[in-house]
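Biologist: I would like a close look at one part of this model, with enough of the surroundings to place it.

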Amino acid sequence: MTTRIGDLANALLGTDSDSDTERSGTDKVEHGAEAVRHNPVFRGFARVGLLARAVVYLVVGGLVLDIAASGRGPAQADSEGAFAEIGRQPAGTEILGLLAAGLAAYAVWRFVEACSRRPRGQQISPWTRGGWFAISALYVGLCVSVVQLMAGSSANGGPAQHPSSFATSVLHFFLGPVLLGLIATAIAVGGIALVIWGVRHDYAKSLETEKMSKPTRSVARWSGIIGNASRGVAVALVAWSLFGSAVSDNPDRAKSLDAALHMLAGSLPGAVLLVAVGAGFLSFGLHSIIEARFGRV
């Protein structure tokens, strides 16, 4: 175990071979990241990170279903609410500590994935790398939120938690409503793209299907499709509220995911959509567990 950790450290520092001195700084980072990516210790970190992601989505999915059933969940139906709900459970602080470590591991995994150089024929598009960097940053933020909650302070959050404040700032700019409308459109396109990607993606490529039974492969595929489609719908809901804020030039129209979901609870079609989103989040949590066990990390 000590040897493996030492190898991981050497890979991170770029000191795994004498030939590194002949490489450029970028090459050293890429080759170092690729070495880390294949290290058994790092793969363990990645699987722990996927389990942490599963916990977040399973708890948020349960909160969304609570809203659908009663019109008001016990906590915000987002990551902040999930952390608060976990913290209220027995041994909540200890669980949050483990969750923070898992989220940090997931952030490191995505960062290393984004930095690594792949063999010919396995190149990664700049869009994919950019997405992995963004995901890494997002999970760093989630980890910080958990640590702040454990320390007894509330996280400030970002546009996702305080969209009205974000909308107020943007609307103060020159042509603010136009700018906010463009931002909302970009977010909506991202949500739609996530739905399409979730439906069309070949999940077998990222899973060790040779180790999986046929029913497990089927569950992995459908949980990924349903889960990613639900995530895309959730993103689109927030984008729609931002677009309404831009059209009306009213920052109060911008809603967080939690607020947007609560607004849906007032009608039968909205409640049906809530159930679909909540079930989709649970589905993505299940898919994350399968990835943690069978993922090609």
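Biologist: Which residue just after α9 takes a positive phi, and of about how many degrees?

Modeller: The residue is D249, with a positive phi of about 55 degrees just after α9. Before the surroundings, the conventions. This is a predicted model, in which local features need pLDDT of at least 70 and side-chain atom pairs count only at pLDDT 80 or more, while totals for chains, interfaces and linings use all residues. Residues are numbered from 1 along each chain as its sequence is written, and side-chain values use heavy atoms, with hydrogens and water left out.

Most residues other than glycine have a negative phi. D249 is joined by two further cases. A91 has a phi near 60 degrees, positive although the residue is not glycine; A91 sits in the loop between α4 and α5. L175, also not a glycine, has a positive phi of about 55 degrees, and its place is the loop between α7 (163-171) and α8. A91 is partly exposed, at 47% relative accessible area (buried means under 20%, exposed over 50%, partly exposed in between, with a 1.4 Å probe and protein chains only).

The helix that ends before D249 has 35 residues. From first C-alpha to last, α9 reaches 51 Å, close to the 51 Å expected at 1.5 Å a residue (the expected span is 1.5 Å times one less than the number of residues). α8 (176-200) gives a similar check: its 25 residues should span 36 Å, and its end C-alpha atoms are 36 Å apart, so the two values agree. Helices here are DSSP runs of H or I with at least four residues, strands are runs of E with at least two, and both are numbered from the N terminus. By that count the protein has eleven helices and zero strands.

Beyond α9, the loop to α10 holds D252. D252 counts as exposed because its relative accessible area is 53%. Its C-alpha is 9.4 Å from that of S241, which is eleven residues away in sequence.

At the other end of α9, the loop from α8 holds E208. In contrast to D252, E208 counts as buried, because its relative accessibility is 15%. Apart from neighbours within four places in sequence, E208 is in contact with R47, F294, G295 and R296 (contact means heavy atoms within 4.5 Å). In α8 itself, the buried residues are G176, L180, G181, A184, G191 and G198.

Next, the packing. A nonpolar core is a set of buried Ala, Val, Leu, Ile, Met, Phe, Trp, Tyr and Cys residues joined through side-chain atoms within 4.5 Å. The largest has 38 residues, of which V64, F83, L99, L103 and L261 touch the most other members. α9 (214-248) is one of the helices that supply at least two residues each, along with α3 (40-70), α4 (79-87), α5 (92-115), α6 (126-150), α10 (257-264) and α11 (268-294). α3 contributes the most, with ten residues. Setting aside neighbours within four places in sequence, F83 is in contact with V56, L96, L99, L103, L142, S145, V146 and L149. A separate core of eight residues includes V170, L171, A246 and A254.

For the protein as a whole, 41% of the 297 residues count as buried. Among contacts with a separation of 6 or more, 71% are between residues 24 or more positions apart. One long-range pair by position is S70 and A271, 201 residues apart in sequence and 10.0 Å apart from C-alpha to C-alpha. S70 belongs to helix α3 and counts as exposed, because its relative accessibility is 56%.

Last, confidence. The mean pLDDT (the predictor's confidence in each residue, from 0 to 100) is 80, and 79% of residues reach 70 or more. α11 has the highest mean, at 92, and helix α1 (residues 2-13) the lowest, at 49. Over residues 11-22 pLDDT stays under 50, and the model has ten contacts beyond four places in sequence for them. Where pLDDT is low, the predicted coordinates should not be read in detail.
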